[in-house]
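Reader: Hi! I'm new to this one, could you walk me through it?
Author: Happy to. Let's have it in front of us and start wherever you like.

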Amino acid sequence: MAFTLPLGERAPDFSLPATDGKTYSLRDFADAKALVVFFTCNHCPYVIGSDEVTRATAEKYIPQGVAFVGINANSVNTKPEDSFELMVERMREHRFPWTYLRDETQEVAKAYGALRTPHFYVFDADRKLAYTGRGVDQPRDTSKMTVNDLDNALADVLAGRPVATPLTNPIGCNVKWDGKDPHWMPVEACDLV
């Protein structure tokens, strides 16, 4: 079985605490025309490098009925910078337009098959996976970016078209799995394409 959620599969449910003090599950986003779930964190240079492009994409599509949910599943034993307290601080400082959740047990990251930070999943109105992979082709330095795969995927989903490029390899830091070397990945977690 593939490690990462296959295209066409339904979004796995979750119940996770957010930086706004609430707990969210999939049903809290039931009214969204599309749902973007992305695995992210506080420290990764690929996340930091592309956050403003992700913000711009979110600000473009939220008014069109798309919900954006960031999930930090990194082990604080490996990366103390990814603590919930520092997530709250980061959201207060940057005021990102997405809901930012903490996956302390890493069970949600395993259910989705998150490989890297950032790793994006776009679900259609039926919550079936229409796109997974990178947000952009140069997340560490978006001044060199030539394609915004997340934007393209959302445009296709909202137009009711099949996503032209439904699968790309996420580009970023490994998810920091608890009790493992910082660069460890599950054996079955290989490139998507």
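Reader: Let me start with R55: is R55 buried or exposed?
Author: R55 is buried, as its relative accessible area is 14% and the cut-off for buried is under 20%. Keep in mind that this is a predicted model.

Reader: Which residue forms a salt bridge with R55?
Author: That's E52, and the closest N and O atoms of the pair are 2.7 Å apart. E52 and R55 are 3 residues apart in helix α1, so about one helical turn separates them. Unlike buried R55, E52 is partly exposed, with a relative accessible area of 45%.

Reader: How many salt bridges are there in the whole structure?
Author: A search of the whole structure finds 8. One of them joins D151 and K60, with 3.0 Å between the closest N and O atoms.

Reader: Nice, and where do D151 and K60 lie?
Author: D151 lies in helix α4 and K60 in helix α1, so this salt bridge ties together parts that are 91 residues apart in sequence. D151 counts as buried at 15% relative accessibility, while K60 is partly exposed at 41%.

Reader: At what angle do the axes of α1 and α4 cross?
Author: At roughly 15 degrees, and the axes come within 10 Å. That makes α1 roughly parallel to α4, because angles under 35 degrees count that way. The crossing is right-handed.

Reader: Which residues meet there?
Author: From α1 you have T57, K60 and Y61, and they meet L150, D151, L154, A155 and L158 of α4. By type, the residues of this contact are 5 nonpolar, 1 polar and 2 charged.

Reader: Changing topic: where is F96?
Author: F96 sits in the loop between α2 (84–94) and β5 (99–102). F96 counts as buried, as its relative accessibility is 7%.

Reader: What is F96 in contact with?
Author: Apart from neighbours within four places in sequence, F96 is in contact with D51, E52, R55, R90 and M91. You'll recognise E52 and R55 from the salt bridge we began with.

Reader: And how far is F96 from D149?
Author: Their C-alpha atoms are separated by 20 Å, and the two are 53 residues apart along the chain.

Reader: One last pair: what does D141 form with K144?
Author: A salt bridge, with the closest N and O atoms 3.7 Å apart. D141 is partly exposed at 29% relative accessibility, and K144 is exposed, with a relative accessible area of 55%.

Definitions and conventions. Residues are numbered from 1 along each chain as its sequence is written. This is a predicted model: local features need pLDDT of at least 70, side-chain atom pairs count only at pLDDT 80 or more; totals for chains, interfaces and linings use all residues. Side-chain values use heavy atoms; hydrogens and water are left out. Helices (H or I, at least four residues) and strands (E, at least two) are DSSP runs, numbered from the N terminus. Buried means under 20% relative accessible area, exposed over 50%, partly exposed in between (1.4 Å probe, protein chains only). Contact means heavy atoms within 4.5 Å. Axes are lines fitted to C-alpha atoms, for helices over the stretch in contact, and angles run from 0 to 180 degrees between N-to-C directions. Angles under 35 degrees count as roughly parallel, over 145 as roughly antiparallel, 65 to 115 as roughly perpendicular and the rest as oblique. A crossing is left-handed if the near helix is turned anticlockwise from the far one by less than a right angle, and right-handed if clockwise. Ala, Val, Leu, Ile, Met, Phe, Trp, Tyr, Cys and Pro count as nonpolar, Asp, Glu, Lys and Arg as charged, and the others, Gly among them, as polar. A salt bridge is a side-chain nitrogen of Lys or Arg within 4 Å of a carboxyl oxygen of Asp or Glu.
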